[in-house]
Amino acid sequence: MTILPARRTDIELHTADGLTLVGELSLPAERAPVATLITLHPLPTHGGYMDSHVLRKAAWRLPALADLAVLRFNTRGTSSPRGTSEGAFDGGDAERFDVAAAIEFAEFHDLPHRWLVGWSFGTELALMHGHDPAVDGAILLSPPLRRAGEEDLAAWDTFGRPLVALVPEFDDYLRPAEARERFARVHQAEVIGVDGAKHLWVGEGAVRRVLDEIVAHVVPDIPVPLPVTWDGPVATADADDQTR
């Protein structure tokens, strides 16, 4: 629950269909970012939002440990302590405008080397709507491959940018062996099975593994595993601010 130093700013995204989405941008405290994570949260109808714990901890740690910018936001109709984004959940269809607005924000603010990081429902948004020339690649956490179909995988294959899927051994929806079969349609895809992990990546060990894999693929010059101690000022989140 430790929050490392960063420049954190509340932001708003504006979609092409006229909605305002709420979010936060976390930047390294004293340097320009070397790359950018545009995060896409789990299913809002099942409790997913911009503060879902892996994404929140990425924002708490990676600006300091890896010089990354981390952009988090609530998709349409989703609420968090930051606020509620306008609109209503649309099952992943109209959310195309939300993904586009986040990418556009990162472009407009000259945030470098933009990678999508989707988790569960967020992986579906990345696969369906994320093959944008402004994106360097995508990292998928617990992809269920329910909404995203063969045509979306084919589009990513043609897109040609890196696609990395972290698949828990005990996932509720898609496990490593089947994931390798499904993602074989994308020639540049890398499927990484994570022993002992589950869909929600609960536990500090699971979170560290995810963050290490993100850094290893987005900024490979930074050694992993990332440090687990910090010699400097920190903040601490409320004890009840734990998972989801």
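Buried means under 20% relative accessible area, exposed over 50%, and partly exposed in between. That scale helps in reading the salt bridges of this predicted model.

**Salt bridges**

The structure holds 12 salt bridges. Three of them are listed here with their N to O distances.

| Acid | Base | N to O distance |
|---|---|---|
| Asp 51 | Arg 72 | 2.7 Å |
| Asp 93 | Arg 96 | 2.9 Å |
| Glu 213 | Arg 209 | 3.0 Å |

Asp 51 and Arg 72 pair through their side chains. Asp 51 sits in the loop between strand 4 (35-40) and helix 1 (53-66), and Arg 72 in strand 5 (residues 68-73), so the bridge ties together parts 21 residues apart in sequence. Asp 51 is buried, at 11% relative accessible area. Arg 72 is buried too, at 4%.

Asp 93 bridges to Arg 96. Asp 93 is partly exposed, with a relative accessible area of 42%. Arg 96 is also partly exposed, at 39%.

Arg 209 and Glu 213 belong to helix 6 (residues 204-218), four residues apart, which means about one helical turn separates them. Arg 209 is partly exposed at 31%, whereas Glu 213 is buried at 14%. Elsewhere, salt bridges with shared partners link Asp 17, Arg 76 and Asp 98 into one network.

**A helix pair**

Helix 3 (residues 121-129) and helix 4 (residues 150-159) have axes that come within 8 Å and cross at roughly 60°. The two helices are therefore oblique to each other. On helix 3, Ala 126, Leu 127 and Met 128 make the contact; on helix 4, their partners are Asp 152, Leu 153 and Trp 156. By class, this contact has five nonpolar residues, one charged and no polar.

Terms used
Residues numbered from 1 in each chain as written. Predicted model: local features only at pLDDT ≥ 70, side-chain atom pairs only at ≥ 80, totals over all residues. Heavy atoms only, no water. Axes fitted to C-alpha atoms, helices over the stretch in contact; angles between N-to-C directions. Parallel < 35°, antiparallel > 145°, perpendicular 65-115°, else oblique. Contact = heavy atoms within 4.5 Å. Nonpolar A, V, L, I, M, F, W, Y, C, P; charged D, E, K, R; others polar. Salt bridge = Lys/Arg side-chain N within 4 Å of Asp/Glu carboxyl O. Buried < 20%, exposed > 50% of the residue type's maximum accessible area, 1.4 Å probe, protein only.
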